[in-house]
There are 2 protein chains.
Amino acid sequence: MSNLVVYGGAGALGRSVVTFFKEKGWTVTSIDLVENVSADHNAIVNPNATLQDQAKEVQDNLASFLGAKKLKAILCVAGGWAGGNAASKDFLANSELMWKQSVYSSFIAAQVAARHLESDGLLTLTGALAANGPTPGMIGYGVAKAAVHHLVKDLASPGSGLPPNAKVTAVCPVTLDTPMNRSGMPKADFSSWTPTETVAKQLYAYATGTAALTSGSLLEVVTKNGETTFKEI
Amino acid sequence: MSNLVVYGGAGALGRSVVTFFKEKGWTVTSIDLVENVSADHNAIVNPNATLQDQAKEVQDNLASFLGAKKLKAILCVAGGWAGGNAASKDFLANSELMWKQSVYSSFIAAQVAARHLESDGLLTLTGALAANGPTPGMIGYGVAKAAVHHLVKDLASPGSGLPPNAKVTAVCPVTLDTPMNRSGMPKADFSSWTPTETVAKQLYAYATGTAALTSGSLLEVVTKNGETTFKEI
């Protein structure tokens with residue numbers, strides 16, 4: 001029985017991932033602010049706790065669920081979005097929020113990988129295509145995602161503390177087709193949005209080795225006329 | 001009389017910068033954890049405060065020093081170094097420390113620039129050459145500096161909230177010749193280290209327009225046999 005951790009397992013993408021892997025017979029732990037009843041185990045984090053306290057909560061819970069068992073994959077799909085430039089009144093609040101949502105979760109996922117990932121396991125984080133260029137209208141978001149992209153390069157390099165044959169990547173969608181995005185952008189062209197189930201299916205292909213993956217690459221996810229492609233960049 | 005803010009004005013590089021600009025007749029405000037008596041004004045930040053509380057302290061102090069006057073330059077030379085990979089016991093503590101030292105200070109400097117920089121003023125941050133590639137043995141440091149590099153690209157782009165003709169860059173030294181680095185690496189080749197006075201002099205040349213600078217570029221600082229070059233990358 002393969003073991004999986006989904007960081008952000010109660011969000012829109014996280015729920016699709018938990019459900020997909022559960023249907024394939026995996027044992028799934030969800031880490032999130034709230035429980036996902038479809039998961040076998042849940043570790044609940046307090047977003048107001050410090051990075052180290054959040055990590056301790058996660059690690060203590062995981063240790064009790066896993067015992068000596070290793071994880072075949074850790075999929076960190078936690079994140080969020082907030083805009084604003086340096087003159088915005090919410091600039092610093094949003095920058096800190098983006099950091100916590102994207103980078104805290106990625107750091108803790110990396111620490112979980114260092115302790116519990118199988119020797120040839122998979123760690124995926126969540127980046128953003130936009131952060132490969134300037135993001136002046138959403139500075140906190142772009143800075144946090146650029147940090148995640150750098151973290152992928154670090155973790156995929158020798159000496160990162162991860163098992164030497166583990167693979168690390170970041171999925172970089174443009175827009176996911178989620179209820180929240182539909183309510184926020186009701187007039188958008190949904191045929192260019194990526195269904196969460198499509199991402200879940202592709203993550204399963206990477207986790208099981210049926211889709212090739214170069215460790216350290218970022219994955220550009222583009223959906224056009226309802227067709228989605230995943231390309232290493 | 002030109003006005004300058006040095007963020008990190010009580011550190012080794014910061015002291016050189018404050019002294020150099022004071023000798024040229026500028027009015028200098030130092031922002032740091034401790035006072036620099038050579039500066040005209042000092043704003044003291046509490047490193048244990050939240051990002052927003054640190055920013056409020058800085059902005060309130062600056063508003064009282066400046067009144068309606070604008071800043072010709074904001075030079076953020078705050079930062080620090082800590083190593084560790086994802087398996088290190090200090091991984092998360094050091095990652096958070098690096099974030100606070102390099103990115104909090106850069107975000108606050110950006111907010112100061114949005115409010116107080118002259119229309120053609122200069123904002124410099126401090127990056128690291130190493131963070132342009134993977135940094136698996138010093139993950140928290142590399143991630144924070146990669147975040148600063150992205151912030152430079154953001155702030156130099158239209159719509160960032162900075163004055164449209166302002167210039168933004170990050171100085172990316174390899175190793176600065178400071179007392180702390182000498183005591184930490186006593187057997188290193190000091191002729192490949194960059195003197196802080198050399199950086200101060202170059203920052204003055206950018207601030208006064210006597211050295212050309214492309215906004216949004218990173219500045220590779222390389223010292224070889226005691227000779228230092230600054231190259232846009």
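**Exercise 1. Is Thr210(A) buried or exposed at its relative accessibility?**

*Solution.* Begin with the place of Thr210(A), which is in the loop between helix H6 (196–207) and strand E9 (218–224) of chain A; helices (H or I, at least four residues) and strands (E, at least two) are DSSP runs, numbered from the N terminus. Next, recall the cut-offs: buried means under 20% relative accessible area, exposed over 50%, and partly exposed in between, with a 1.4 Å probe and protein chains only. Thr210(A) has 66% relative accessibility and therefore counts as exposed. As a last step, place Thr210(A) in space: from C-alpha to C-alpha it is 39 Å from Asn94(A), and the two are 116 residues apart in sequence.

This is a predicted model, in which local features need pLDDT of at least 70 and side-chain atom pairs count only at pLDDT 80 or more, while totals for chains, interfaces and linings use all residues. Residues are numbered from 1 along each chain as its sequence is written, chains are lettered from A and ligands numbered from 1 in the order in which they are written, and side-chain values use heavy atoms, with hydrogens and water left out.

**Exercise 2. Describe helix H2 of chain A and find where its buried residues lie.**

*Solution.* Step one is the length: H2(A) covers residues 51–66, has 16 residues, and reaches 22 Å from its first C-alpha to its last, close to the 22 Å expected at 1.5 Å a residue. The expected span is 1.5 Å times one less than the number of residues. Step two is to list the buried residues of H2(A), which are Leu51(A), Gln54(A), Ala55(A), Val58(A), Gln59(A), Leu62(A) and Leu66(A). Seen down the axis, these buried residues fall within an arc of 125 degrees, so they line one face of the helix; the arc is that of the directions from the helix axis to the C-beta atoms. Step three is to ask what they pack against: the partners in chain A are strands E1 (3–7), E2 (27–32) and E4 (71–76) and helix H3 (91–116), together with helix H3 (91–116) of chain B. Finally, just after H2(A), Gly67(A) takes a positive phi of about 60 degrees.

**Exercise 3. Which residues form a salt bridge with Asp60(A), Asp60(B) and Lys22(B)?**

*Solution.* A salt bridge is a side-chain nitrogen of Lys or Arg within 4 Å of a carboxyl oxygen of Asp or Glu, and the structure holds 10 of them over all chains. In chain A, the side chains of Asp60(A) and Lys56(A) meet at 2.7 Å, N to O. Both residues lie in helix H2 of chain A, four residues apart, about one turn of the helix, and Asp60(A), at 43% relative accessibility, counts as partly exposed.

In chain B, Asp60(B) pairs with Lys56(B), the closest N and O atoms being 2.6 Å apart. These two lie in helix H2 of chain B, four residues apart; Asp60(B) is partly exposed at 43%, whereas Lys56(B), at 51%, counts as exposed.

The remaining pair is Lys22(B) with Asp40(B), whose closest N and O atoms are 2.8 Å apart. This pair links distant parts of the chain, 18 residues apart, with Lys22(B) in helix H1 (residues 12–23) and Asp40(B) in the loop between strands E2 (27–32) and E3 (41–44) of chain B. Lys22(B) is partly exposed at 29%, and Asp40(B) is partly exposed at 35%.

**Exercise 4. How do chain A and chain B meet, and what does His150(A) touch?**

*Solution.* Contact means heavy atoms within 4.5 Å, and the contact takes 38 residues from chain B and 38 residues from chain A. The two chains bury about 3,100 Å² between them, 69% of it on carbon and sulfur atoms; buried area is the accessible area (1.4 Å probe) that two parts lose on being put together, summed over both. The count of salt bridges between chain B and chain A is zero. Helices H2 (51–66), H3 and H4 (139–155) of chain B each supply at least two residues of the side of chain B that touches chain A, and H3(B) gives the most, with 11 residues.

For the last step, turn to His150(A), which lies in helix H4 (residues 139–155) of chain A and counts as buried at 7% relative accessibility. Leaving aside neighbours within four places in sequence, His150(A) is in contact with Ala131(B), Gly133(B), Thr135(B), Gly142(B), Val143(B) and Ala146(B).
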